[in-house]
Amino acid sequence: MDCLFCKIASGAIPVEHLYEDERVLAFPDINPQAPTHVLVIPKQHISSHAEAAAADTDLLGHLLWAVGEVARAKKLDGGYRLVINTGPDGGQTVDHLHIHLLGGRAMHWPPG
Ligand code: 5GP
Ligand code: ZN
C-alpha cells in the first residue's frame, strides 16, 4: 500500500523515534505548529478515526496512553493539546490515523 505513515512505521522512511513499541510509533511532525509537535500512529494501517473498528479499541486505548508517555517525556507540565484531524472537513491530509501532540505554548480556542 502506498501510505506515507506505513512507510514510516516500517522504517522504510527513517524518522526520529520518540516512543516506539510493537504497536505504535511517535515521531516529530515535519512541519511543527508548536515547540513540541509529535505524531503518534498505530503501526497497523487504519485510514482515519472514522474507519476505526470495534476490534481496534484496545489499540486505540494503547495509542492514547502512548501519547501520554511522550507528553511526560517532553515534560509538557503546563498541558498540551491532542488533535485527530479526520476526513476532508477535519483537515486530514495523510490517510493513516495519527494523533497530533502539540505543546510548549498556550493553545487557542476555538480552533480554525
Ligand atoms: P493531518 O493534516 O493529516 O492531520 O496531519 C498530517 C501531518 O503529517 C502534518 O502535520 C504534516 O506536517 C505531517 N507530515 C507530512 N508528511 C510528513 C513526513 O514525511 N514526515 C513527518 N515527520 N511528518 C509529515
Ligand atoms: Zn498506512
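1. The largest nonpolar core of this predicted model has 16 residues, and within this core V40 and L101 touch the most other members. In soluble globular proteins, nonpolar side chains tend to be buried together.

2. Four elements each supply two or more residues to this core: the strands β2 (24–28), β3 (36–42) and β5 (99–103), together with the helix α2 (57–73). The greatest contribution is that of α2, which provides six residues.

3. L101 merits a separate remark. When neighbours within four places in sequence are set aside, L101 is in contact with T36, H37 and V38, as well as with V67, V70 and A71. The list of its contacts is completed by L76, Y80, R81 and L82.

4. A further core, of nine residues, lies apart from the largest one. Its members include C3, F5, I8 and L39.

5. Which residues are closest to ligand 1? Of the 15 residues that surround ligand 1, the closest are P28, D29, N85, T93 and H100.

6. Several backbone atoms lie a short distance from polar atoms of the ligand, as the following values show. A polar backbone atom of P28 is 2.9 Å from a nitrogen atom of ligand 1. For T93, a polar backbone atom is 2.7 Å from an oxygen atom of ligand 1. In the case of G91, a backbone N or O atom is 3.1 Å from an oxygen atom of ligand 1.

7. How much of ligand 1 does the protein bury? Taken alone, ligand 1 exposes 520 Å², and the protein buries 81% of that area.

Note on methods. Residues numbered from 1 in each chain as written. Chains lettered and ligands numbered in written order. Predicted model: local features only at pLDDT ≥ 70, side-chain atom pairs only at ≥ 80, totals over all residues. Heavy atoms only, no water. Core = buried A, V, L, I, M, F, W, Y, C linked by side-chain atoms within 4.5 Å. Buried < 20%, exposed > 50% of the residue type's maximum accessible area, 1.4 Å probe, protein only. Contact = heavy atoms within 4.5 Å. Near = heavy atom within 4 Å. Polar contact = N/O pair within 3.5 Å; in protein donor to acceptor, adjacent residues only side chain to side chain. Areas by Shrake-Rupley, 256 points an atom, 1.4 Å probe, with all protein chains shown as cover.
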